[in-house]
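Please work through the exercises below with the sequence and the structure side by side. Try each task on your own before reading its solution.

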Amino acid sequence: MAFNGYVNTARCAATNVDAWTATGINTTTNIQNGYFVTLGDYQLSSGAITEFVYNVTLAAASTTGNWLVRTPEVGYTLAGQLEEDPRYFINAQGRPMQLIKPQIGDEIEVTVETLDQAAAKGDYYTLVAGLLTKGSVTTSYTCFLCLGTHTINIGGTDVTTYVFRCTNN
């Protein structure tokens, strides 16, 4: 079984500022942690807000104001709850997911599943269909700088991660 994205947001302002957190839902596809989305409207019924949950879509290229998917990896089923490897978790379509809005200077740590290709120190990444994609530095849309690689242990296995600093959003 293929792994899904893993993200660590411990070095992000949103861990201490509730205004930079939100709840989203996507009814068309599963979304991995570490992907980026764009907020739509709140859940509505005849123009009235029924839930403070945003409809979200995968972030498009050349945009700003994007939100990072970061849901605690608790499975929806008993088997999912017993799984110790967070890379088996995925945000199922139609289920609420936790979002944070990266601020300039925030650092995220992700596994390769959230990238179009492995990164190296000094590489810049932007977004295409919610995925971090190698590109060039920009101040026109969401952009991250790779600070280097790191190794974490997940389930007794050393896993390479990539640490990025937000340079624009």
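The exercises that follow concern a predicted model, and each solution proceeds step by step.

**Exercise 1. The barrel**

Task: Work out in which order the five strands close into a barrel, and how neighbouring strands are turned against each other.

Solution: Begin with the order of the strands, which is E2-E4-E3-E5-E6, with mixed pairing, and which closes into a barrel. Neighbouring strands of this sheet are, on average and with direction ignored, turned by 55° against each other.

Next, take the pair formed by E2, residues 21-25, and E6, residues 97-100, which run antiparallel and are joined by four bridges. Within this pair, Thr23 has Gln98 of E6 as its bridge partner, while Ala22 is partnered by Leu99 of E6.

Then turn to the pair formed by E2 and E4, where two bridges join strands that run parallel. Here the bridge partner of Ile25 is Asn55 in E4.

**Exercise 2. Strand E3 and its partners**

Task: Find how many bridges join E3 to E4 and how many join E3 to E5, and name a residue pair for each.

Solution: First locate strand E3 at residues 36-45. Seven bridges join E3 to E4, which covers residues 48-58, and the two strands run antiparallel; in this pairing, Thr38 stands opposite Thr57 of E4.

As a second step, follow E3 to E5, residues 67-69, to which E3 is joined by two bridges, again in an antiparallel arrangement. In this case Phe36 stands opposite Leu68 of E5.

Finally, look at the connection between E3 and E4, which form a hairpin with two residues between them, and note that Ser46 in the turn has a positive phi of about 55°.

**Exercise 3. A nonpolar patch**

Task: Identify which residues form a nonpolar patch on the surface, and decide how Leu44 is classed by its accessibility.

Solution: The patch consists of Leu44, Ile49 and Phe52, which together have about 320 Å² of accessible area. Of these, Leu44 belongs to strand E3, and Leu44 counts as partly exposed because its relative accessibility is 46%, a value between the cut-offs of 20% and 50%.

**Exercise 4. Two residues far apart in sequence**

Task: Place Thr15 in the structure, and find how far Thr15 and Ile100 are apart in sequence and in space.

Solution: Start from the loop between strand E1, residues 7-11, and strand E2, which is where Thr15 is found. Thr15 counts as partly exposed, because its relative accessibility is 44%. Now compare the two distances: Thr15 and Ile100 are 85 residues apart in sequence, and their C-alpha atoms are 8.4 Å apart in space.

**Exercise 5. The cysteines**

Task: Determine how many disulfides a search of the whole structure finds, and whether Cys12 and Cys146 are buried or exposed.

Solution: Recall that a disulfide is a covalent bond between the sulfur atoms of two cysteines. A search of the whole structure finds zero disulfides. For Cys12, the nearest cysteine sulfur is that of Cys166, at 8.5 Å, whereas a disulfide requires two sulfur atoms within 2.5 Å. For Cys146, the nearest cysteine sulfur belongs to Cys143 and is 12 Å away, and Cys146 is likewise in no disulfide.

The last step concerns accessibility: Cys12 is buried, because its relative accessible area is 4%, and Cys146 is buried as well, with a relative accessible area of 1%.

How values were computed:
Residues are numbered from 1 along each chain as its sequence is written. This is a predicted model: local features need pLDDT of at least 70, side-chain atom pairs count only at pLDDT 80 or more; totals for chains, interfaces and linings use all residues. Side-chain values use heavy atoms; hydrogens and water are left out. Two strands pair if DSSP finds at least two bridges between them. Axes are lines fitted to C-alpha atoms, for helices over the stretch in contact, and angles run from 0 to 180 degrees between N-to-C directions. Buried means under 20% relative accessible area, exposed over 50%, partly exposed in between (1.4 Å probe, protein chains only). Patches are made of residues with over 30% relative accessible area and no salt bridge: like charges are joined within 9 Å, nonpolar side chains (Val, Leu, Ile, Met, Phe, Trp, Tyr) within 5 Å. Accessible areas come from the Shrake-Rupley method with a 1.4 Å probe; for residues, only the protein chains shown count as cover. A salt bridge is a side-chain nitrogen of Lys or Arg within 4 Å of a carboxyl oxygen of Asp or Glu.
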